[in-house]
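Work through the exercises below with the sequence and the coordinates at hand. Each task is followed by a solution in steps.

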Amino acid sequence: MVNSDTTLRMYLQYYEKEINLTKLAEKAYREASGRCSVPVQNIQVYVKPEDGRAYYVVNGGFQSFVNLWDSDRDISASSLSGEINWMNGVKHRLIFEYRGHQCDCDSIIERVIEKYTNIHAGKKMHEIEIYIRQEHEAAYYVIDGRHTGSVSMFA
């Protein structure tokens, strides 16, 4: 079971590179908030590692992108927390695009939680780390520092 205080971290690992997806989503959200003339009510972030970019669409209209791989420098030297307070009413989706296929981040999280709860019925989760390897078309997870496994990105 996922507690309200469960920590979730997601990373994209693409060949020899890694990026914190929560911080990337926060970067896109902050940039969009500064560039849009109206408040951000809905944001969709499309991560395309082969392009080196995360494209975003705000409120179904405004579109732009943030770079993936220079984000590490931007993030480490910035005030990005890696925690977005989505409770402010912003609808959001984080989508991976790879070789013409799309996979949404929420579906990966759901598959990880379902697999864990099928194996460890009734155990609460306190920390979930998910490492997405698009070239493997898999998401590897570590729960509470000791339970590991993987799920398909495109199940």
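**Exercise 1.** Does Val66 count as buried or exposed, and at what relative accessibility?

Solution. The model is a predicted one. Step one is the accessibility: Val66 has a relative value of 2%, which is under the 20% limit, so Val66 counts as buried. Step two is the location: Val66 belongs to strand β5. Step three is to list the neighbours, leaving out those within four places in sequence. Val66 is then in contact with Leu24, Lys27, Ala28 and Glu31, and also with Gly52, Arg53, Ala54 and Tyr56. Step four is a distance check: 9.4 Å separates the C-alpha atoms of Val66 and Ala25, which are 41 residues apart along the chain.

**Exercise 2.** Compare the span of α1 with the expected one, then find its cap and its buried residues.

Solution. Start from the count: α1 has 15 residues, and at 1.5 Å a residue the expected span is 21 Å. The distance from the first C-alpha of α1 to its last is 21 Å, close to that expectation. Next, look at the N-terminal end of α1, where Asn20 acts as the cap. A side-chain oxygen of Asn20 lies 2.9 Å from the backbone nitrogen of Thr22. Last, collect the buried residues of α1: Leu21, Leu24, Ala25, Glu26, Lys27, Ala28, Tyr29 and Ala32.

**Exercise 3.** Why do the buried residues of α3 line one face of the helix?

Solution. First check the length. Helix α3 covers residues 105–119, and its 15 residues should span 21 Å at 1.5 Å a residue; the end C-alpha atoms are 22 Å apart, which agrees. Second, pick out the buried positions of α3, which are Cys105, Ile108, Ile109, Arg111, Val112 and Tyr116. Third, view the helix down its axis: the buried residues of α3 fall within an arc of 160 degrees, so they line one face. Fourth, turn to the other side of α3, where Glu110 and Asn118 are exposed. Finally, at the start of α3, a side-chain oxygen of Asp104 comes to within 2.7 Å of the backbone nitrogen of Asp106.

**Exercise 4.** Which residues of the largest nonpolar core touch the most other members?

Solution. The general background is that nonpolar side chains tend to be buried together in soluble globular proteins. Here the largest nonpolar core has 39 residues, and those touching the most other members are Leu21, Ile43, Val47, Phe96, Ile108, Ile130 and Ile132. The elements that each supply at least two residues of this core are β1, α1, β3, β4, β6, α3, β8 and β9. Now take Ile108 as a worked case. With residues up to four places away in sequence left out, Ile108 touches Met10, Phe96, Cys103, Ile130, Ile132, Ala139, Val151 and Met153.

**Exercise 5.** How many aromatic pairs does a search of the whole structure find? Describe two of them.

Solution. The search finds four aromatic pairs. One of them joins Tyr14 and Tyr15, with 4.8 Å between centres and 80 degrees between planes, an edge-to-face arrangement. Another joins Tyr56 and Phe62: the centres are 6.4 Å apart and the planes 40 degrees, so the pair counts as tilted. Then assign accessibility. Tyr14 counts as buried at 14% relative accessibility, and Tyr56 counts as buried at 0%. Phe62 is partly exposed at 28%, and Tyr15 is partly exposed at 48%.

**Exercise 6.** Where do Tyr15 and Asn59 lie, and what is the sign of phi for each?

Solution. Most residues other than glycine have a negative phi. Tyr15, not a glycine, has a positive phi of about 55 degrees, and its place is in the loop between β1 and β2. Asn59, also not a glycine, has a positive phi of about 50 degrees. Asn59 lies in the loop between β4 and β5, and at 30% relative accessibility Asn59 counts as partly exposed.

**Exercise 7.** Which side chain forms a polar contact of 2.7 Å with that of Gln13?

Solution. Begin with the location of Gln13, which is strand β1. Its relative accessible area of 17% makes Gln13 buried. The partner in the 2.7 Å polar contact is the side chain of Glu18. Beyond four places in sequence, Gln13 touches Glu18, Tyr131, Ile132, Arg133, Gln134 and Glu135.

Methods: Residues are numbered from 1 along each chain as its sequence is written. This is a predicted model: local features need pLDDT of at least 70, side-chain atom pairs count only at pLDDT 80 or more; totals for chains, interfaces and linings use all residues. Side-chain values use heavy atoms; hydrogens and water are left out. Helices (H or I, at least four residues) and strands (E, at least two) are DSSP runs, numbered from the N terminus. The expected span of a helix is 1.5 Å times one less than its number of residues. Buried means under 20% relative accessible area, exposed over 50%, partly exposed in between (1.4 Å probe, protein chains only). The arc is that of the directions from the helix axis to the C-beta atoms. A polar contact is a pair of N or O atoms within 3.5 Å; within protein, one must be able to donate a hydrogen and the other to accept it, and residues adjacent in sequence count only if both atoms are side-chain atoms. A nonpolar core is a set of buried Ala, Val, Leu, Ile, Met, Phe, Trp, Tyr and Cys residues joined through side-chain atoms within 4.5 Å. Contact means heavy atoms within 4.5 Å. Rings of Phe, Tyr and Trp (its six-membered ring) pair if their centres lie within 6.5 Å; planes under 30 degrees apart count as stacked, over 60 as edge-to-face and the rest as tilted.
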